[in-house]
Every structure is written in structure tokens, then in C-alpha cells.
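Okay, everyone, thanks for coming. Let me put the structure up, and then I'll talk you through a couple of spots I'd like us to look at together.

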Amino acid sequence: QVQLVESGGGLVQAGGSLRLSCAASGLTFSSYTMAWFRQAPGKERRLLATISRNGGNTYYQDSVKGRFTISRDNAKNTMYLQMNSLKSEDTADYYCASSSASYYYTDIRYFSSWGQGTRVTVSS
């Protein structure tokens with residue numbers, strides 16, 4: 001049974017940094033594309049970034065390019081999201097997800113397993 005568990009969310013001031021983690025179990029972690037999504041109150045869940053199976057390729061949504069960095073450590077079955085220069089509009093629930101497709105398939109329909117989410121609140 002696949003299980004993805006996010007951690008690292010919390011309250012941070014605008015301009016600050018936060019690092020999220022996603023711990024995976026029940027799957028061969030290195031066989032899956034991984035991704036981070038977020039969902040703000042009253043809005044749809046949106047893709048932020050993907051990372052290929054070996055970590056060699058990444059995709060970022062334009063709004064977070066240069067501020068967020070996705071990475072993974074296959075030896076630890078863990079994916080990370082380093083978030084810098086945080087803005088109030090980054091406030092959302094953040095989710096990790098896995099896909100059997102390559103990293104460049106970014107539509108939400110490709111992602112079959114999801115974590116429960118971790119909340120990030122950025123204060124002004």
C-alpha cells in the first residue's frame with residue numbers, strides 16, 4: 001500500500017524560507033516521478049514542480065521559478081521542496097504525489113498516489 005507523508009509546514013514571515021519533506025513507503029521510490037502540488041483556500045489544486053526518477057530533470061511552474069527547488073534522495077525514499085523568498089500568495093496546503101509517467105507529463109491526471117498535505121501559512 002503506497003503511503004506518502006508530507007511534513008515541514010508551518011507559519012513563516014514573508015521573505016522567509018521553509019523546507020518541506022515527503023516520505024514515501026510501499027513503492028519502489030526510484031521508479032516514480034514525484035511532484036509537489038498546492039491548493040489555496042477556494043482554489044483548485046495546482047502543480048508546482050516535478051522531478052524525474054533519478055533526479056536529473058525538473059519542471060517548475062513559472063510562479064515559483066527561482067524561489068523553489070525540488071529535490072529527492074532515493075536512498076532515503078524522500079522528496080523535498082526548498083521554498084525561499086516566500087510570499088503571502090504561497091499560503092496553501094502542500095501535497096506530494098507520485099506518477100508512473102515521465103517528469104514532463106505534468107497534468108494532474110497522471111498522478112495516482114497522494115499525501116495528506118501539510119499547511120504553509122505566510123504572514124505579511
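So, in what order do the four strands of the open sheet come? They go 1-3-8-7, and the pairing is antiparallel. Before anyone asks, this is a predicted model. At the edges we have strand 1, residues 3-7, and strand 7, residues 68-73, and each of those pairs on one side only. On average, neighbouring strands in this sheet are turned by 15 degrees against each other, ignoring direction.

Let's zoom in on strand 1. Its partner is strand 3, residues 18-25, and the two run antiparallel with five bridges joining them. If you want a landmark there, take Leu-4, which sits opposite Ala-24 of strand 3. For anyone newer to this, a general reminder: strands of a sheet pair through backbone hydrogen bonds, in parallel or antiparallel fashion.

Now hang on to Leu-4, because it turns up again in the contacts of Trp-114. Trp-114 belongs to strand 10, residues 111-114. Leaving out residues up to four places away in sequence, Trp-114 touches Leu-4, Phe-37, Arg-45, Tyr-95, Cys-96, Ala-97 and Ile-108. Trp-114 and Val-5 are 109 residues apart in sequence, yet their C-alpha atoms are 8.5 Å apart in space.

Closer to home in sequence, a polar atom of the Trp-114 side chain lies 3.4 Å from the backbone oxygen of Phe-111.

And is Trp-114 buried or exposed? Neither, really: its relative accessibility is 27%, so Trp-114 counts as partly exposed.

Note on methods:
Residues are numbered from 1 along each chain as its sequence is written. This is a predicted model: local features need pLDDT of at least 70, side-chain atom pairs count only at pLDDT 80 or more; totals for chains, interfaces and linings use all residues. Side-chain values use heavy atoms; hydrogens and water are left out. Two strands pair if DSSP finds at least two bridges between them. Axes are lines fitted to C-alpha atoms, for helices over the stretch in contact, and angles run from 0 to 180 degrees between N-to-C directions. Buried means under 20% relative accessible area, exposed over 50%, partly exposed in between (1.4 Å probe, protein chains only). Contact means heavy atoms within 4.5 Å. A polar contact is a pair of N or O atoms within 3.5 Å; within protein, one must be able to donate a hydrogen and the other to accept it, and residues adjacent in sequence count only if both atoms are side-chain atoms.
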